[in-house]
Amino acid sequence: MSDLMPTQTIGFAETRDGIRLSYRIVPGSGEGRCVLIHSLAMDKFFWEPTAKALAGASEVLIYDCRGHGVSGKPAGPYSTAQFADDLADLMNHVGWTSAVVAGASMGGCIALAFAAAYPERVDALGLFDTTAWYGENAPAAWAERAEKARNEGLKALVGFQKTRWFSDGFREANPDVVEAAVSTFLANEIDAYVATCNMLGAADLREALPKFDFPCRVLVGTEDYATPPEMARVLADNIPGATLTILEGVRHFTPLEVPAIIAGNLQLLIEAARA
């Protein structure tokens with residue numbers, strides 16, 4: 001999607017069940033380490049604007065989750081616990097004992113699952129545009145979206161997705177960003193997309209929230225219709241010491257719509273982790 005930084009580390013890591021994960025590390029001049037986990041049907045380049053904004057403060061590890069980008073796409077079913085194990089294996093591969101872990105949307109669910117399974121490896125937690133549980137009707141709602149994709153193709157979902165991802169003003173002012181996200185979305189393999197949708201429909205990480213014992217920042221836009229502010233408040237209310245930021249007029253893809261704000265929140269988490 002854009003030129004890569006020449007000093008970066010690029011590679012593949014192998015998970016415990018033999019799946020190859022594509023990753024890269026954006027170098028930083030600071031002492032921090034930060035892992036960023038992308039949204040459903042996106043890839044590691046979802047985080048590029050944020051990673052560049054953050055590079056002065058921290059090394060940044062971005063990667064393609066299983067089923068996404070150029071990582072392996074095994075048959076489902078998938079689970080958030082499996083994706084959490086993938087991140088642990090990736091961190092082992094690059095030699096990171098712990099890091100600030102942050103995710104957006106699906107990535108936030110994975111960050112929560114990782115924090116629940118590997119709390120000693122989380123220096124701080126960033127939860128953007130996400131939720132611990134999509135609600136009672138989530139399995140059916142996500143299955144309906146998955147079946148629409150399977151029966152009609154991902155192109156049938158593009159109009160719906162664009163208006164959920166970005167605010168009206170941002171779409172008008174930044175057509176290149178919107179079209180890049182659409183191109184990434186359309187490049188997904190249907191079976192992997194379906195398996196990931198069903199994973200999110202089944203996800204319920206609420207029980208873990210009160211046990212977290214590290215700095216946490218929760219952020220959402222007022223116009224986020226996928227994971228609205230009410231879901232963010234549940235996270236902030238149940239994670240000890242968590243802060244909540246609600247951004248006026250912003251929708252679901254905050255790392256693309258307001259990357260400087262996201263980088264600023266991550267910088268605060270890096271500083272809190274050091275303290």
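Select Cys 34 and Val 100: Val 100, in strand E5, is the bridge partner of Cys 34. Strands here, like helices, are DSSP runs numbered from the N terminus, with at least two residues (E) for a strand and at least four (H or I) for a helix. The model is a predicted one, in which local features need pLDDT of at least 70 and side-chain atom pairs count only at pLDDT 80 or more, while totals for chains, interfaces and linings use all residues. Residues are numbered from 1 along each chain as its sequence is written, and side-chain values use heavy atoms, with hydrogens and water left out.

**The sheet**

Extend the selection to strand E3 (residues 32-37) and strand E5 (residues 99-104), which run parallel and are joined by four bridges. Two strands are taken to pair if DSSP finds at least two bridges between them.

Now display the whole sheet. It is open, has eight strands in the order E1-E2-E4-E3-E5-E6-E7-E8, and its pairing is mixed. Strand E1 (9-14) and strand E8 (243-247) each have a single partner strand and stand at the edges, so one side of each lacks a neighbour in the sheet. From one strand to the next, the twist averages 20°; such angles run from 0 to 180 degrees between N-to-C directions, with axes as lines fitted to C-alpha atoms, for helices over the stretch in contact.

Next, colour E1 and E2, an antiparallel pair joined by six bridges. Within this pair, Glu 14 has Arg 20 of E2 as its bridge partner. Five residues separate the two strands of the hairpin, and there Gly 18 takes a positive phi near 85°. On to E4: E2 pairs with E4 in the antiparallel sense over four bridges, and Tyr 63 in E4 is the bridge partner of Tyr 23. Six of the seven residues of E2 are buried, that is, under 20% relative accessible area, with exposed meaning over 50% and partly exposed in between (1.4 Å probe, protein chains only).

**Helices on the sheet**

Select helix H2 (residues 80-94), which packs on the sheet and touches E1, strand E2 (20-26), E3, strand E4 (58-63) and E5. The direction of H2 makes about 55° with that of E2. Then select helix H11 (residues 259-274), which lies across E3, E4, E5, strand E6 (122-128), strand E7 (216-221) and E8. H11 runs at about 155° to E6.

**Loops with unusual backbone**

In the loop between E4 and H2, stop at Pro 77. A cis peptide bond, with omega of about 5°, joins Gly 76 to Pro 77.

Move to the loop between E3 and H1, where Ala 41 lies. Although not a glycine, Ala 41 has a positive phi of about 70°, and its relative accessible area is 0%. Ser 39 lies in the loop between E3 and helix H1 (48-54) and is buried at 2% relative accessible area. Leaving aside neighbours within four places in sequence, the contacts of Ser 39 (heavy atoms within 4.5 Å) include His 68, Met 106 and Phe 253.

In the loop between E6 and H4, find Asp 129. Asp 129 is not a glycine but has a positive phi of about 55°, and it is buried with a relative accessible area of 0%.

**Helix H10 and its surroundings**

Pro 255 is in helix H10, and it is buried at 0% relative accessible area. Not counting residues up to four places away in sequence, Pro 255 touches Phe 46, Trp 47, Pro 49, Thr 50, Ala 104, Asp 129 and Ile 262. A distance label between the C-alpha atoms of Pro 255 and Gly 103 should read 9.6 Å, for residues 152 apart along the chain.

Phe 170 lies in helix H6 (residues 168-173) and counts as buried at 11% relative accessibility. Beyond its neighbours within four places in sequence, Phe 170 contacts Val 177, Leu 256 and Glu 257. The C-alpha atoms of Phe 170 and Glu 257 are separated by 7.0 Å, with their positions 87 residues apart along the chain.

**Helix H5**

Finally, show helix H5 (residues 158-165), where Val 158, Gln 161, Arg 164 and Trp 165 are buried. Viewed down the axis of H5, these residues fall within an arc of 135° (taken from the directions from the helix axis to the C-beta atoms), so they line one face of the helix. They pack against helix H4 (138-152), helix H7 (175-186), helix H8 (190-202) and helix H10 (254-257).
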